[in-house]
Amino acid sequence: MTADILFIHPGDHKRTYQDLSREYTAIATPAWTLLLANYARKQDLQVAIYDVNVEGWDPKVAEELIHKHNPRLIVMMVYGHNPSASTQTMPAARRIAEDIKTYNANIPIALGGIHPSALPDRTLREEPIDFIIQGEGAHAIVGLIKYLKGAGDIGSIKGLWFWKDGDIYSNPPADIISNLDEELDGYAWDLLPDLAKYRAHNMHCFQDFHKSQKDDFSDIRSPYVAMNTSLGCPFSCHYCCINAIFGKPSIRYWSLGKVISWIDELFLKYKVRNIRLDDELFILSPERIEKFCDLIIERRYDLNLWVYGRVDTIKRSLLPKIKKSGINWICLGIEAGNERVRSDVNKNIRRDIKEVVSSLQSHDISVLGNYMFGLPEDNIDTMRETLDLAIDLNCEYANFYAAMAYPGSRLYKEATAKKIGVSDRWECFSQLSQETTPLSTNYVSGTEVLRFRDEAFYNYHANVRYLKMVEKKFGLRVRKHIEKMLNCKIDRKLLKNEVSLKGGS
C-alpha cells in the first residue's frame, strides 16, 4: 500500500525522563497528530501513523516503514502534551529524519509543531528535512501532498516554508481554523497500535491504587488518552510558547456535543476511563464547565479526568459537579510564591491561592501544583519562598520546573536579544534529561537553579507531612510508591554528579 502521508510521532522517552520513564511518567497519545491524520483521511488521502514512544525506533525501523507504507510524504508534528515537550523533542525528530534520509534521500519530510513554527527558517536550515509546516497545519499538509502528487502551486500553500533553487522561501501565514467541529472533527485513535500501550501519569491514578495488585499499578493506568476540547490560551505569560502555533493569545472551542461524542467513543468502544484534557485552560468558562459536567454526570460514566485551570478561574459553586463528573485532578499553574516574580512574567493571580487549593481538596479534588524556579527576577530567597508556599499548600502532587526560554515565548526573544546564555542544543531544554540547562536569572546561575529545583522536588515529596497526607488519602501503597520513586537516579551533567531523585516527572 502506498500511503499519501505517514505521520511519525517522534520521541525518546528514556533519554527525556531517564529512569523515571520505566514506570512513573505518562505515555500520552499524540493528540495533534491524531487530529491532523483524521483531517487528511477525510480528504480521501491514505494515512498511517507510527508512534515512536510506544513502538520504538532504530535505523532499521526507517527501512521497514518505507517498505511497508511507501509514503509520498512523511510528517512529524513536534508537539507534546505540554509546551515544553516540543523543543526537547527536536533531537529525536532529527535522528528519525537522518535515518529516513540515509535510507532514501528522496522521501520528502515536513516538520510542524510549536518549535518549528517558532523557528521555521532556522529549523529548515539545520535539520535534514524539506518543509516546515508553520501554524496548525491541516490545510498546509493537504495542500502539500496535492502538490507532490502533481496538482496545485507550492507558492499558494499558506503556512509552508520550503527550499527552492538553494534558497528558503516562505508563504503567507495560514489562517487559523475557525470551525473546529467541521474541520478538525475527530481523533484517529484507530490508527494507533493499541490504546492499552498508553498509560496515565502515576499520580493521575493514585486514588485507584488500592484496586491494583502490582507495585507499579500499570494495569489501572492503561488504556489512556490525552486530548483537547479547545485550542490556544487567552493569556500571555512570558515563559509560555503555546501560542507560537496559533499566532496570538486566543481560545477556540469544539462544541460540547462534539467533545462528549469523543468521550462516548473512548469509554464505550475503547474502554478508556483515564483521560487528560490537555487544554491549556480547560477551567475558564463557568457555563461551559457546568454543561460539560452535567453531560458527563447524566451518562454515569466512571471516568478519571485530569484538567488544567488557573487559580483565579476556579468557581467554588461548581466544585461538587466537577468532582461528580470524574474530574479527580486539577493542575494549577501557581508558578512562584513571590508576587513580584510572577508579575514580572505577566502571571498575575488575583485569588488567595491557599483558599482555592483548600476548597478543591475539601471537595476531594486532588491538586497538582505547578511551580517554576529560575524566572528572571528569581533569587535564592524567592525560590525558597516558592518552595515554602508549595510545602504549605501540600498539594497531592507537585511539578517543579526549571524556567526555560522556550522558542516562541517572550522569554526566549528577550534572552536571545540580550545574548544571556540560551543554549543552541535543543536537548538542553528538556526538564529531566542529563543535558538540562536552565537559563540564569538576573541574580543566580542556571546551575544554581537546577540544583535548587532538584533538591526542592525531593524535599517536597519526602516531607513527612506530605507523605502522611498521601497515606491518609490514597493509602500506604501510594506512599511506598512515592518513596520508591524518590530512589530513582537522575543524572545531571550540569551538576556533575548523580543524585537520588532530586528529579521528578
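**Exercise 1. Locate threonine 87 and determine whether it is buried or exposed.**

Solution. Threonine 87 belongs to helix 5, which spans residues 84–87. The model under study is a predicted one. The relative accessibility of threonine 87 is 2%. Buried means under 20% relative accessible area, so threonine 87 counts as buried. Next, its contacts are listed, leaving out residues up to four places away in sequence: threonine 87 touches His115, Tyr406, Pro407, Trp426 and Phe429.

**Exercise 2. Carry out the analysis of exercise 1 for glutamate 471.**

Solution. Glutamate 471 is placed in helix 19, residues 464–474. Its relative accessible area is 30%. Partly exposed covers the range between under 20% and over 50%, so glutamate 471 is partly exposed. With residues up to four places away in sequence not counted, glutamate 471 touches Leu476 and Arg479.

**Exercise 3. State which residues of helix 15 are buried, how they are arranged around the axis, and what covers them.**

Solution. Step one concerns burial: in helix 15 (residues 353–362), the buried residues are Ile353, Val356, Val357, Ser359 and Leu360. Step two concerns direction: these residues cover an arc of only 160° around the axis, and therefore lie on the same side of helix 15. Step three concerns the cover, which includes helix 13 (319–324), helix 14 (339–344) and helix 16 (380–393). Strand 13 (327–335) and strand 14 (366–373) also belong to what covers these buried residues.

**Exercise 4. Describe the two ends of helix 15 and the loop that leads from helix 14 to helix 15.**

Solution. At the start of helix 15, a side-chain oxygen of aspartate 352 comes to within 3.1 Å of the backbone nitrogen of lysine 354. Just after helix 15, aspartate 364 adopts a positive phi of about 60°, although aspartate 364 is not a glycine. Aspartate 364 lies in the loop between helix 15 and strand 14 and is partly exposed, at a relative accessible area of 41%.

The loop between helix 14 and helix 15 holds asparagine 346. Phi of asparagine 346 is near 65°, a positive value in a residue other than glycine. Asparagine 346 has a relative accessible area of 31% and is partly exposed.

**Exercise 5. Give the geometry of the peptide bond from serine 222 to proline 223.**

Solution. This peptide bond is cis, with omega near -5°. Proline 223 is situated in the loop between helix 10 (180–183) and strand 8 (224–227).

**Exercise 6. Characterise the cavities and the second largest pocket by volume and lining.**

Solution. The structure holds 3 cavities of 30 Å³ or more. The largest cavity contains about 60 Å³ of space. Its lining consists of Met404, Ala405, Gly421, Val422, Ser423, Phe429, Thr437, Pro438 and Leu439. By class, the lining of the largest cavity has 6 nonpolar, 3 polar and no charged residues.

The second largest cavity contains about 40 Å³. Among the residues lining the second largest cavity are Glu136, His139 and Asp175; its lining divides into 4 nonpolar, 2 polar and 2 charged residues.

The second largest pocket contains about 250 Å³ of space. Of its 16 lining residues, Pro376, Leu411, Glu414, Lys418 and Asn442 lie nearest the centre. Helix 17 (residues 410–418) gives the most to this lining, with 4 residues. The lining of the second largest pocket comprises 7 nonpolar, 5 polar and 4 charged residues.

Notes
Residues numbered from 1 in each chain as written. Predicted model: local features only at pLDDT ≥ 70, side-chain atom pairs only at ≥ 80, totals over all residues. Heavy atoms only, no water. Buried < 20%, exposed > 50% of the residue type's maximum accessible area, 1.4 Å probe, protein only. Arc of directions from axis to C-beta. Contact = heavy atoms within 4.5 Å. Polar contact = N/O pair within 3.5 Å; in protein donor to acceptor, adjacent residues only side chain to side chain. 1 Å grid on protein atoms, 1.4 Å probe; cavity = no way out; pocket = protein on both sides within 12 Å on 5 of 7 lines; lining within 4 Å. Points joined across faces, edges and corners; volume = space filled by probe spheres on them. Nonpolar A, V, L, I, M, F, W, Y, C, P; charged D, E, K, R; others polar.
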